[in-house]
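Trainee: Please take me closely through the ligand site, and then connect it to the contacts and backbone features elsewhere in the chain.

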Amino acid sequence: MKQEITSTAPDGNGLIDLFSRPISYLRLSLTDRCNLRCMYCVTEDESNGCLSKLGHGELLSYEELLRVVRVAVAMGITKVRLTGGEPLVRRNVLGFIRNLTEIEGLRDVRITTNGVLLERYGRELYDAGVTKVNISLDSLRRERITEITGVDCFDQVWRGIETVLALGFFPVKLNMVAMRQINDDEILEFARLSQRLPLQVRFIEFMPIGASSRWNADTYISTDEIMERIRTVGELVPMQKGRHDGPAQVFRLGADASGSLGFISPLSHHFCDRCNRLRLTSAGALRSCLLHDEEIDLRSVLRAQGPDSAIREALLAAIRNKPQGHQLEERMRRTGSDCHGRMSRIGG
Ligand code: SAM
């Protein structure tokens, strides 16, 4: 194992962590607030509307976020994803995004959204220079979406998807968390959608994380099982992995499909050896692994009015702490506990 992080930015080589992984990707959770109440994201109490939220002063301000990103980009980060909570519900988010995309050296600004506000904001996101849009949608049935999210929003989300496709965002990725006995009977419908539309439909393994009381060994479905089911209706033709595919394995369902299928397997086939991410939670904490609860309090560093070198040190410390693998199963076996961070604060 190497002893130190290599930081050679801005000459293009970027940051290399202690396990020789290039670190080039920062995910920002802009807010823990959301306009939906997805069953796996909120606790039973919160599903009634009283979501526990961070106070305004607890969130990083846009100025603080921009400062962090400038420092991170100077160190070698080239890609930022905005997530949450729901990033599009934060006030004046478009002004922030316009400032963000102007940061020199930041090549790629992406967003993960539930799609509810995309019809309204799609054009402005496009004009602001957002490069890619991921939309979370766990069912293609209106009533079921209402059950899963607590809000009757299917039509709105669908119009949002049509909006971003028409604007020319590419690829538009549709993320479906597959859950047994909740939406697994729609796996084939989702797969077929990728034949009709130029979408990348991505099946994400359900993770035991955060407030979710829904995860258990029965609701979890592995990528292998999802693929096996899809193979009953067509051939999964492997596609060459693109620059934009991240940890997904990518296929086409039959040679003529307009879109593609992606499979993301955080539990069954870890991609920790290729993980290039750091996360900044909506409470201003740096988190080097989605499934590890260790965090570094960057908000205090920012509010201590120190120099940029203090932010740089915190980012380096987070990279130094990045575990080789999440080892979630082993931890669960050993301690019986999962990962306690809240997805709405960490950003999925
Ligand atoms: N509001 C935005 C959205 O809906 O895409 C961004 C935040 S949301 C927490 C990001 C993603 O995390 C969503 O695709 C959601 O389905 C996924 N997610 C949340 N909890 C999850 C879990 N326990 N396992 C797998 N994915 C999860």
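Mentor: Ala, Val, Leu, Ile, Met, Phe, Trp, Tyr, Cys and Pro count as nonpolar, Asp, Glu, Lys and Arg as charged, and the others, Gly among them, as polar. On that scheme, the shell around the ligand holds 6 nonpolar, 8 polar and 2 charged residues. The model is predicted, so local features need pLDDT of at least 70 and side-chain atom pairs count only at pLDDT 80 or more, while totals for chains, interfaces and linings use all residues. Residues are numbered from 1 along each chain as its sequence is written, and side-chain values use heavy atoms, with hydrogens and water left out.

The ligand is surrounded by 16 residues (a residue is near a molecule if one of its heavy atoms lies within 4 Å of it). The closest of these are Tyr-40, Gly-85, Glu-86, Ser-136 and Met-207. Three polar contacts of the ligand can be described (pairs of N or O atoms within 3.5 Å; within protein, one must be able to donate a hydrogen and the other to accept it, and residues adjacent in sequence count only if both atoms are side-chain atoms). Glu-86 places a polar side-chain atom 3.0 Å from a nitrogen atom of the ligand. Thr-113 takes part through its backbone, with an N or O atom 3.4 Å from a ligand oxygen atom. In the side chain of Ser-136, an N or O atom is 2.5 Å from an oxygen atom of the ligand. The ligand taken alone exposes 550 Å², of which the protein buries 94% (Shrake-Rupley accessible areas with a 1.4 Å probe; for residues, only the protein chains shown count as cover).

Next come the aromatic contacts. Rings of Phe, Tyr and Trp (its six-membered ring) pair if their centres lie within 6.5 Å; planes under 30 degrees apart count as stacked, over 60 as edge-to-face and the rest as tilted. The count comes to 7 aromatic pairs. One of them is the stacked pair of Tyr-62 and Phe-96, at 4.7 Å centre to centre and 15 degrees between the planes. Tyr-62 belongs to helix α1 (residues 62-75) and Phe-96 to helix α2 (residues 93-101), so the pair ties together parts that are 34 residues apart in sequence (helices, H or I of at least four residues, and strands, E of at least two, are DSSP runs numbered from the N terminus). Both Tyr-62 and Phe-96 are buried (under 20% relative accessible area; exposed is over 50% and partly exposed in between, with a 1.4 Å probe and protein chains only). Another pair, Phe-251 with Phe-263, is edge-to-face, with 5.7 Å centre to centre and 75 degrees between the planes. This pair links distant parts of the chain, since Phe-251 is in strand β11 (residues 249-253) and Phe-263 in strand β12 (residues 260-264), 12 residues apart. Phe-251 and Phe-263 are each buried, and ring pairs join them with Phe-203 in a cluster.

Tyr-62 has a further partner: the charged end of Arg-90 sits over its ring, 4.2 Å from the centre (NZ of Lys or CZ of Arg within 6 Å of the ring centre and within 35 degrees of the ring normal). In the same kind of arrangement, the charged end of Arg-120 sits over the ring of Tyr-121, 5.5 Å from its centre.

Several loop residues deserve attention for their backbone. Asn-92, in the loop between β5 (79-83) and α2, has a positive phi near 60 degrees without being a glycine; its relative accessibility of 58% makes it exposed. Gln-181, in the loop between β8 and α6 (187-196), is likewise not a glycine and has a positive phi of about 65 degrees. Gln-181 is exposed, at a relative accessible area of 76%. A cis peptide bond, with omega about -10 degrees, joins Phe-170 and Pro-171, and Pro-171 is in the loop between α5 (154-167) and β8 (172-178).

Arg-37 lies in the loop between β4 (25-29) and α1 and counts as buried at 18% relative accessibility. A polar atom of the Arg-37 side chain lies 3.1 Å from the backbone oxygen of Cys-34.

Two helix residues complete the account. Leu-125, in helix α3 (residues 118-128), is buried at 0% relative accessibility; Leu-125 and Val-164 are 39 residues apart in sequence and 9.4 Å apart in space, C-alpha to C-alpha. Asp-224, in helix α7 (residues 223-231), is partly exposed at 42%.
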